[in-house]
Amino acid sequence: MMKVNTNDKNQMKNGLGDDAFNRQLNIKENIIYKITVQNNEVPVLPDHKTVLDSLEAADIETHSHCRDGFCGVCRVTLISGEIHYPNGEPLAYVGDDEILPCCCIASSDLCLGID
Ligand code: FES
């Protein structure tokens, strides 16, 4: 778990009310990994079951249909980082530099490309 030092807390507190500050602090303390996509940094939090959950929680526009690795609609480019498919390799076609965010989880910070 990530520790937040006093300087970070003071920087986060600037301009935020107590509730907003506590929400931001809670998110920052629980970030597992970060996903860089479309000039945004998206936190991967413990309650996110998939990379798609993280993207949707951050309001990143994504495509999805089956949400189970069958259709391939959610396919995105993996620019850097490591993922794994906890339920085994998906059935939909996935190119060498592509992942299906609906059924994978991050194993490191990720950089993704979404068309
Ligand atoms: S939504 Fe169908 S494979 Fe991801």
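Ile32 touches Val44, Leu45 and Pro46, leaving aside residues up to four places away in sequence. The model in which these contacts appear is predicted. Ile32 lies in the loop that connects helix 2 (18-30) to strand 1 (33-37). The points below start from this residue and then turn to the chain and its sheet.

**Ile32 and its surroundings**
- Ile32 and Val44 are twelve residues apart along the chain, and 5.5 Å separates their C-alpha atoms.
- Is Ile32 buried, exposed or partly exposed? Ile32 is partly exposed because it has 17 C-beta neighbours inside 10 Å, and a residue needs 20 or more to be called buried.

**The chain as a whole**
- The protein chain contains three helices and seven strands.
- In sequence order, these elements give the pattern α-α-β-β-α-β-β-β-β-β.
- The protein chain has 115 residues, of which 23% are buried.
- Among contacts with a separation of 6 or more in the protein chain, 45% are between residues 24 or more positions apart.

**The sheet**
- How are the five strands of the open sheet ordered? Their order is 2-1-7-3-5, and the pairing is mixed.
- Strand 2 (40-44) and strand 5 (98-99) are the edge strands, and each of them pairs on one side only.

**Pairing between strands**
- Strand 1 and strand 7 are parallel and are joined by three bridges. Val37 is placed opposite Leu112 in strand 7.
- Strand 3 and strand 7 are antiparallel, also with three bridges. Here Thr77 is placed opposite Gly113 in strand 7.
- Strand 3 (residues 76-80) and strand 5 run antiparallel and are joined by two bridges. Val76 has Ile99 in strand 5 as its bridge partner.

**Side chains of strand 7**
- Which residues of strand 7 (residues 110-113) point to one face and are buried? They are Leu110 and Leu112.
- Cys111 and Gly113 point to the other face and are not buried.
- In a regular strand, side chains alternate between the two faces of the sheet. The side chains along strand 7 alternate in this way.
- Two of these residues also appear in the pairing: Leu112, on the buried face, stands opposite Val37, and Gly113, on the other face, stands opposite Thr77.

Terms used
Residues numbered from 1 in each chain as written. Predicted model: local features only at pLDDT ≥ 70, side-chain atom pairs only at ≥ 80, totals over all residues. Helix = DSSP H or I, 4+ residues; strand = E, 2+ residues; numbered from the N terminus. Buried ≥ 20, exposed ≤ 12 C-beta atoms within 10 Å, placed from the backbone. Contact = placed C-beta atoms within 7 Å. Pairing = 2+ DSSP bridges.
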